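Morning, everyone. Please look at the screen while I talk you through one residue and then the whole chain.

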Amino acid sequence: MQQSPFLNEKTSIEKLNIEQEKTSLGASVLLARSEIPDSHRRQADSYMILKTHYGMPVVNPSINLDEKKFLAKFDFNPLEYSTVKQINDELTIMQKWHETADKELISASDKIIAIRVKELKSIIASKYVKISNEIYNGYKALERYLEEISKYH
């Protein structure tokens, strides 16, 4: 039995739509509606309080070499060189880590979200001057995720 060429075309269009959704900021909103770890909510609340009260972070924190190595251990790029899809995938992974019973993965997830928020503050405080390419706008996905899960938004 031979498959219809339209079936293959439809399937590929559906796959393309799924991939586009993963790369959109809307996926960050969907992630925020799933099971959110308390550590993510605390980081989001802290970030949103600073953002709403001061308009942007008052200090320009940047991550240190140990934090960069920690991200590299999990094959995560720095936030300024991450795409929306990469950040959405990372957030999904970190949420799954919180569902496991492995305390090391839970601890790693908590540390990574803290590092990511620190990187986001740095990018915003520097008024996005580090961003040189429109492809690397993963910081927007992280900011959208934090806004959606915070109770102060």
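**One serine and its surroundings**

Start with a single reach: the side chain of Ser-109 gets to the backbone oxygen of Met-94, at 3.2 Å. Keep in mind that this is a predicted model.

Now a second link. Which side chain does the side chain of Ser-109 join in a polar contact of 3.5 Å? The partner is His-98.

Where does Ser-109 sit? Its place is in helix α6. That helix covers residues 103-125.

Next point: is Ser-109 buried or exposed? Its relative accessible area is 0%. Buried means under 20%, so Ser-109 counts as buried.

Who else is around? Set aside the neighbours within four places in sequence. Ser-109 is then in contact with His-40, Met-94, Trp-97 and His-98. Two of those names you have heard already: Met-94 offers its backbone oxygen, and His-98 offers its side chain.

Let's step back to the whole chain.

How many helices and strands does the protein chain have? There are 7 helices and 0 strands. Read from the N terminus, the elements go α-α-α-α-α-α-α.

The protein chain has 153 residues, and 38% of them are buried. Ser-109 is one of the buried ones.

Now the contacts across the chain. Take those with a separation of 6 or more. Of these, 81% are between residues 24 or more positions apart.

Last, the outside. The accessible surface of the protein chain is about 9,500 Å². Carbon and sulfur atoms hold 53% of that surface.

That's my tour. Thanks for listening.

How values were computed:
Residues are numbered from 1 along each chain as its sequence is written. This is a predicted model: local features need pLDDT of at least 70, side-chain atom pairs count only at pLDDT 80 or more; totals for chains, interfaces and linings use all residues. Side-chain values use heavy atoms; hydrogens and water are left out. Helices (H or I, at least four residues) and strands (E, at least two) are DSSP runs, numbered from the N terminus. Buried means under 20% relative accessible area, exposed over 50%, partly exposed in between (1.4 Å probe, protein chains only). A polar contact is a pair of N or O atoms within 3.5 Å; within protein, one must be able to donate a hydrogen and the other to accept it, and residues adjacent in sequence count only if both atoms are side-chain atoms. Contact means heavy atoms within 4.5 Å. Accessible areas come from the Shrake-Rupley method with a 1.4 Å probe; for residues, only the protein chains shown count as cover.
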